[in-house]
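Student: I have a structure open and should like to go through its helix packing. Could we begin there?
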Amino acid sequence: MESEKDKTEFWRWLEYHSVMPGKDWRKANVITAGVDVGSVGSKAVVMIDGEIYSWSVLRTGSNSSDSAKKALDWAMQDTGLSLKDFHYIVGTGYGRVNVPMANRAITEIACHAKGANYIWGPSVRTVLDVGGQDVKAIRCDDTGKVVSFLMNDKCAAGTGRGMEVIADLLKIPIEDVGKVSLSVTEEPEPVSSTCVVFAKTEAVGLLRKGWSKEKVLASYIRAMAIRMSELIEKVGCEKEFVITGGQSKNIGIVQRVENILGVKRLPVPNLETTGLDPASAGAIGAALFAKALYEKEKHR
Amino acid sequence: MASEIEVGTKYIPDMSKTEIEDLRKQFTESSLKVIKDNIDRMKKSWPNRPKEMEYFDEISNLFGKRQQEISEQKQAGKKVIGYTCMFAPIELIIAAGAIPVRVGSGWYDSAKLGDRIMPVEVCPVIRSTVGAKMVHLSPFLELSDAVITPLTCDGRTKLSEILADYKTIWRMSPPRVKDDAHALQLWKEEMMVIKQKIEELTGTKITRENLKEAIEKLQKATKAFRRLQEIRKGPPVITGRDAMLVNQTSLWDDIERWTQKTDELCDVLEKRVEEKDYATYPDTPRVMITGTPMIWPDSWKVPNLIEEANPKGLLAVDEQCSGDRILYDPVGVDEWTMSDMLNAVTERYLMACTCPCFTSDNGNEDRVNWIMDRIKEYKVDGVIYYVVRGCILYAMEYARIKRVLDRMNIPVYYLDTEYTREDVGQMKTRIEAFLEMLEARIDI
C-alpha cells in the first residue's frame, strides 16, 4: 500500500463503476443513458425502463467528448451493452454539447432537480448542487421541475476544484478532508476569500502562523459552507433539502451547511443496494429525461 | 483664483502615440471581427433573413459607411453632437442642422483598458467609454464637436468630467423625481440652456419652422419604430437580435433614411405574418430583457446566447434604453407654437423615461408599469433581468421588480455579467436552464 509519505496526489479521488445485480437489460423495453460531463468529474448512468441499471464516475480529462465516451463505456463494461442498444441518450453538465453519442443536451440544473426528485422522491424542494467549478441552488416542484435557481460566480471559489487544491496543499487525502475538518474542537474564523488562488495563499500564511492543518482546513471549508448557504438563502430554502454533486460526499461541507441553515438534508441512500448516488444526480436526471424524450418522440 | 489644475492632466495618463495607435488598430480589428461574427450568427439563426436587413448590417459597421458620411458632412461644415444617454433632446440637435450620435460604448477590449484608471467596481459601460477615449477608438465620439452628458447615474456623472479633458461637454441634470411641476420646470431650464448651446455651436437659431420639421421627422421615426415593435407582438417573423440591431442603428444613422429602411423592412415582415414565414418556431419561449443597456457590438453576447440556446429563446421585447425605449415615445405637440413645442420636448425626455435613476415614494413606478404592460402585450413567458457589475441602479430595482413579476407568475432570472467573454460557458448554462424552465411551463 502507498504510504502517506509517498503519496503525492492528495486531490486524486477514487473513480468507481458498478452494475445493479439481478437485472437484465435484454428484457427491457427502453434503454437510456445520461452522461454528465462536469468540469472535474464525468458521470454516466444507464437506465432500463426508467430504473438504474449501471453507472460510472470518473475524472474529466482535457477532452470533454473523450471523457463522455469513457464514462459511458465504463458504465457498459461487462454488461454486453453496446451503443446501438440505447434508445436515447441525454448529455448534460459543462461539457454537454460535446457528448458525441447524445441525442440531446439538457442543462445540469434541470437534470439535478429531476435526479434529486428520483433519488429522494417528490418531497424535495431545494437542491444544492456542489460541482467541480460551480455551485447551484435549485428550487423545484413535486415533479422535479425547476422553479427557480441561482448559480455562483464564474470561478472555482467554494467548489470541488477548490477543495482539491486545498487537499493537495495540506497533504490530506481528498476523501478524508470532510472528516478531518470536523476534528477541530472549536470552529476557526473562515478564510476571508474562497477564491482558490487567494485561499491557497491565505492557507499558507495560516500554516506559517502555526495553525494546525485541521484548523486551516476547517477554516476553508467553513468559508465554502457560508458561501453556499448564502446562495441557498437567496433562492429560499424550502424543505425537503438535499445536496447533490461530488461535494455531497464531503461531510465537512454538509454538516456546516446544515448548521448554518438550521435544516438537515435528507439522508444519502446506500449506493450499492439502490444505485442512487447524489454525485450522479445529474446523470440520473439526464437518463430520465432521455426516457421521457424517447417516449414523446415515439408517440409523435 | 484660477485653478492650478491643467485640463488634460486630470484622469487619463499620457500614453505614447505608438501605443495609442497600436491599441486602436488592435481594438478596431477585433471589433470588426465581432461585428461580422454577430451578423453571421444572426444570419445563421434566421436562414430566411430578408435582404432588407442588409442595410442595417452595413450601418452597424461602426467603422464603415456611416462614419464616412458623418466625416464628410462635418468637413462640409456640419456639426456633430454626441450624447451619452437617452435624455439628450435629439429634436433640438436636428433642428439646428447638427448630427446627433449616441456615444456610449459596448467594447469589451476598451473596458479592459479603462481598468488602468477606473476601479473594477465602476460599471463597464463607463470603463469601456473611458478606454475607447484613451485610444480614440470610437469614431462617433471622435467626430463629436460637443457631447451632451445627462447626469443620470454616478458613472455617467463622472464620465462627463473625464471626457471633458478632450471634448466640449454639456451637462444636463435631470431631476430624480419627476412627478411634480417643479421637476418639469427645472428640466425645462436645462433644456433651454442646451438649446442655447446648440445654437451657439451651430450658429443656427432654433426656430418654429426648423423645430417643427425636426419633431415631425422624429415622429415619423417613432411611427416606423412602433410599427416594427407592433409586428414583434405577433408570431416571430423577426429574431429579437435583428430587431435590436434595427433599433440601435437609429442611434447613429441618418434618421430619415433609417425611417424609410425600417418601413421597407416592416412591409416585408407584415407579408411574412400572412405567409406564416417565421424566423423561429412559433412556440419558442418568449423572453423579455430588462436592465442595463446592451450596446452593439460586444454586448450581443447575451442576446446571441438566448437565441442560439438549446432550447432556443426568442427575444420578444426589451425594456432597455438600448432598445424599446429609444424611439417608442413621440414628442406630443398640441399647437405648433415655439413654447408648446419646447414644452413637449421637455416632457417627452422626462416623463416618458423609465430610467432607474428616478425615484418616488412609490419607487420607479413608470418602469414597473411599463414592464407589466409589455409582458402582457408581447405575451412574454419569462424575463431576464440583465445587469452588468457596477450598474447599481438597475441592480437595486431588481428586488422590487421581482416581487411584481412573482405576483404575475412570470419567471424572472437575474443575469449578472461583465464586459468579458470569459463567462460565456457559465452564461450559456444559466440561460439554457432558464429557457428549459420556461419550456417546461409551456409544455403544461
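Tutor: Certainly; please note that this is a predicted model. In chain A, the α2(A) residues E108(A), A110(A), C111(A), H112(A), A113(A), K114(A), G115(A), A116(A), Y118(A) and I119(A) meet A281(A), G282(A), I284(A), G285(A), A286(A), L288(A) and F289(A) of α9(A).

Student: Which classes of residue make up the contact of α2(A) with α9(A)?
Tutor: The contact has 11 nonpolar, four polar and two charged residues.

Student: At what angle do helix α2 and helix α9 of chain A pack, and how far apart are their axes?
Tutor: Helix α2 (residues 108–120) and helix α9 (residues 281–299) of chain A pack at about 90 degrees, and their axes are 6 Å apart. Angles of 65 to 115 degrees count as roughly perpendicular, and α2(A) and α9(A) are therefore described in that way.

Student: Now the whole chain. What is the secondary structure of chain A?
Tutor: Chain A has nine helices and 10 strands. Its radius of gyration is 19 Å, close to the 19 Å from the globule rule for 300 residues, so chain A is as compact as a globular protein of that length.

Student: What does the C-alpha trace of chain A span along its principal axes?
Tutor: The spans are about 65 × 45 × 30 Å. Of the 300 residues of chain A, 51% count as buried.

Student: How many residues does each chain bring to the contact between chain B and chain A?
Tutor: Chain A contributes 13 residues and chain B contributes 13 residues. On the side of chain B that touches chain A, four residues are nonpolar, four are polar and five are charged.

How values were computed
Residues numbered from 1 in each chain as written. Chains lettered and ligands numbered in written order. Predicted model: local features only at pLDDT ≥ 70, side-chain atom pairs only at ≥ 80, totals over all residues. Contact = placed C-beta atoms within 7 Å. Nonpolar A, V, L, I, M, F, W, Y, C, P; charged D, E, K, R; others polar. Helix = DSSP H or I, 4+ residues; strand = E, 2+ residues; numbered from the N terminus. Rg over C-alpha atoms; globule rule 2.2 N^0.38 Å. Buried ≥ 20, exposed ≤ 12 C-beta atoms within 10 Å, placed from the backbone. Axes fitted to C-alpha atoms, helices over the stretch in contact; angles between N-to-C directions. Parallel < 35°, antiparallel > 145°, perpendicular 65-115°, else oblique.
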